[in-house]
Amino acid sequence: MRILFVCLGNICRSPLAEGILRFKLAKNNIQYNVDSAGTLHWHAGNPPDDRSIKTAAHFGIDISNLRGRQFSLNDFSDFDLILPMDLQNKTDLLKLARTTEDRSKIQLCLHFAGMGERAEVPDPYYGDLKDFMDLYHLLEMACDNMIRKWSH
Ligand code: 4NP
């Protein structure tokens, strides 16, 4: 299974989700590929936001080596599951989808994790470190649900 998390900038939410899921997959000996991308190109090549790096590090996860990249059409063939963080990210991806198969790969991250049909991971960019801690806990809950789903 190949999983791609998608947010707007690929510096706050999706790299944190990538780090958490990688960490938990390794702990559970599940060999899935995980990556993340942004719908915007603004932060391509940049490391995650300091607040995401600090938050992940607080829980023993190092995401400092990740680099931002923009979502590309190739991702529709390179990944089985494409998990946008919010409804805007989902709408943007659906606009890029060319086929029914492309569209079928796109699901809101929290919906896939069984946390509500329209539940969103809010954009923390203008928030403070506390918002990033909340973000961590939300993404951790989602990743725990995914691991449960894939463990049997
Ligand atoms: P992300 O957060 O989508 O979770 O990476 C954001 C990062 C950058 C911007 C917005 C959201 N920005 O406007 O530059």
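**Ligand site and salt bridges**

An oxygen atom of the ligand is 2.8 Å from an N or O atom in the side chain of R13. The model is predicted.

Q: How much of the ligand's exposed area does the protein bury?
A: The protein buries 94% of it. Taken alone, the ligand exposes 350 Å².

Q: Which residues are around the ligand?
A: C7, L8, G9, N10, I11, C12 and R13 are among them. W42, H43, D123 and Y125 are there too.

Q: How many of the residues in that shell are nonpolar, polar or charged?
A: The shell has 6 nonpolar, 3 polar and 2 charged residues.

Q: Back to contacts. How far is a backbone N or O atom of L8 from an oxygen atom of the ligand?
A: For L8 the distance is 2.9 Å.

Q: And what about a backbone N or O atom of N10?
A: That atom of N10 lies 3.2 Å from an oxygen atom of the ligand.

Q: Which pocket does the ligand take up?
A: The ligand takes the space of the largest pocket.

Q: New topic. How many salt bridges are there?
A: The count comes to 10.

Q: Which side chain does D144 meet in a salt bridge?
A: D144 meets the side chain of K24. The N to O distance is 2.8 Å.

Q: Where in the chain are D144 and K24?
A: D144 is in helix α7, residues 129–150. K24 is in helix α1, residues 13–27. The two are 120 residues apart, and the pair links distant parts of the chain.

Methods:
Residues are numbered from 1 along each chain as its sequence is written. This is a predicted model: local features need pLDDT of at least 70, side-chain atom pairs count only at pLDDT 80 or more; totals for chains, interfaces and linings use all residues. Side-chain values use heavy atoms; hydrogens and water are left out. A residue is near a molecule or strand if one of its heavy atoms lies within 4 Å of it. A polar contact is a pair of N or O atoms within 3.5 Å; within protein, one must be able to donate a hydrogen and the other to accept it, and residues adjacent in sequence count only if both atoms are side-chain atoms. Accessible areas come from the Shrake-Rupley method with a 1.4 Å probe; for residues, only the protein chains shown count as cover. On a 1 Å grid over the protein atoms alone, a cavity is a set of points where a 1.4 Å probe fits but cannot get out, and a pocket is an open set with protein on both sides within 12 Å along at least five of seven lines; lining residues have an atom within 4 Å of a point. A molecule sits in a cavity or pocket if more than half of its atoms lie within 2 Å of its grid points. Ala, Val, Leu, Ile, Met, Phe, Trp, Tyr, Cys and Pro count as nonpolar, Asp, Glu, Lys and Arg as charged, and the others, Gly among them, as polar. A salt bridge is a side-chain nitrogen of Lys or Arg within 4 Å of a carboxyl oxygen of Asp or Glu. Helices (H or I, at least four residues) and strands (E, at least two) are DSSP runs, numbered from the N terminus.
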